[in-house]
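Good morning, and thank you for making time for this presentation. I would ask you to keep the sequence and the model in view while I speak.

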Amino acid sequence: MRSKTFALLLLTLLVPAICSAQTVKPGKWTGFAVPPDADQEVPLTFDVTVNGDSLGIAIHAGEHGDFAATEGHYADHTISFNFEPGSPRVHCVLTLSADGVYTGDCVGEDLKSAQMTMVPPTD
């Protein structure tokens, strides 16, 4: 009986920790992108909303415009989404790094690759 009580206690402590580790914080994120064939970072802000593992992401790129991401998803410490900064459509896969920042590649249908970084809000 004592081992069942201990197991239940352990589960009640572990499940919330695991579930909270698998969430993305909604709000205004910051970051940047380095376009293909460029050395210069383009500063970005992101408005992120969360609905389960689905994400709504609005990308604000200053003078370059605003873009609505589609098919936003979060799983296994990875954010993925698509957006169209013109032509072609771009697919991004950003993975959580040890410092709490999401980084990865955004690859266009033309197979050109850009790097993107998304930094969650700290508050």
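**Surface, ring pairs, disulfide and pocket**

The chain has an accessible surface of about 7,800 Å², and carbon and sulfur atoms account for 60% of that area. Please bear in mind throughout that this is a predicted model. Of the 123 residues in the chain, 31% are buried. As to secondary structure, the chain contains one helix and nine strands. Read from the N terminus, the order of elements is α-β-β-β-β-β-β-β-β-β. Among contacts with a separation of 6 or more, 27% are between residues that stand 24 or more positions apart.

Let me turn to the aromatic residues. How many aromatic pairs does the structure hold? There are four aromatic pairs. One of them is formed by Phe-67 and Phe-83, whose rings are tilted, at 6.0 Å centre to centre with 55° between the planes. Phe-67 belongs to strand β4, residues 66-68, and Phe-83 to strand β6, residues 78-83, so this pair ties together parts that are 16 residues apart in sequence. Both Phe-67 and Phe-83 are buried.

Phe-83 has a further ring partner in Phe-81: the centres are 6.2 Å apart and the planes stand at 40°, so this pair, too, is classed as tilted. Is Phe-81 buried or exposed? Phe-81 is buried, because its relative accessible area is 0%, and buried means under 20%. Phe-83 comes under the same heading, with 10% relative accessibility, and therefore counts as buried. Elsewhere, Trp-29, Tyr-74 and Tyr-102 are linked into a cluster by ring pairs.

I come next to the covalent cross-link. The structure holds one disulfide, which joins Cys-92 to Cys-106 with an S to S distance of 2.1 Å. Why is this disulfide described as right-handed? The torsion about the S-S bond of Cys-92 and Cys-106 is about 115°, and the disulfide is therefore right-handed. Cys-92 sits in strand β7, residues 90-96, whereas Cys-106 sits in strand β8, residues 102-108, so the pair ties together parts that are 14 residues apart in sequence. Cys-92 counts as buried because its relative accessibility is 0%. Cys-106 is likewise buried, with a relative accessible area of 5%.

The next topic is the largest pocket. Its volume is about 460 Å³. Which residues lie nearest the centre of the largest pocket? They are Pro-35, Pro-36, Phe-83, Pro-85 and Ala-114, out of 22 residues that line the pocket. Phe-83 thus returns here as a lining residue, having appeared earlier in the tilted pair with Phe-67. Strands β2 (42-51), β8 and β9 (113-119) each contribute at least two residues to the lining of the largest pocket. Of the elements, β8 gives the most to this lining, namely three residues. Strand β8 is also the one that carries Cys-106 of the disulfide.

I close with a residue in a loop. Asp-76 is located in the loop between β5 (70-75) and β6. In contrast to the buried cysteines Cys-92 and Cys-106, Asp-76 counts as exposed, because its relative accessibility is 63% and the cut-off for exposed is over 50%. What separates the C-alpha atoms of Asp-76 and Thr-23 in space? They are separated by 9.6 Å, although the two residues are 53 residues apart along the chain.

Technical notes. Residues are numbered from 1 along each chain as its sequence is written. This is a predicted model: local features need pLDDT of at least 70, side-chain atom pairs count only at pLDDT 80 or more; totals for chains, interfaces and linings use all residues. Side-chain values use heavy atoms; hydrogens and water are left out. Rings of Phe, Tyr and Trp (its six-membered ring) pair if their centres lie within 6.5 Å; planes under 30 degrees apart count as stacked, over 60 as edge-to-face and the rest as tilted. Helices (H or I, at least four residues) and strands (E, at least two) are DSSP runs, numbered from the N terminus. Buried means under 20% relative accessible area, exposed over 50%, partly exposed in between (1.4 Å probe, protein chains only). A disulfide is a pair of cysteine sulfur atoms within 2.5 Å. Contact means heavy atoms within 4.5 Å. Accessible areas come from the Shrake-Rupley method with a 1.4 Å probe; for residues, only the protein chains shown count as cover. On a 1 Å grid over the protein atoms alone, a cavity is a set of points where a 1.4 Å probe fits but cannot get out, and a pocket is an open set with protein on both sides within 12 Å along at least five of seven lines; lining residues have an atom within 4 Å of a point. Grid points are joined across faces, edges and corners, and a volume is the space filled by probe spheres set on the points.
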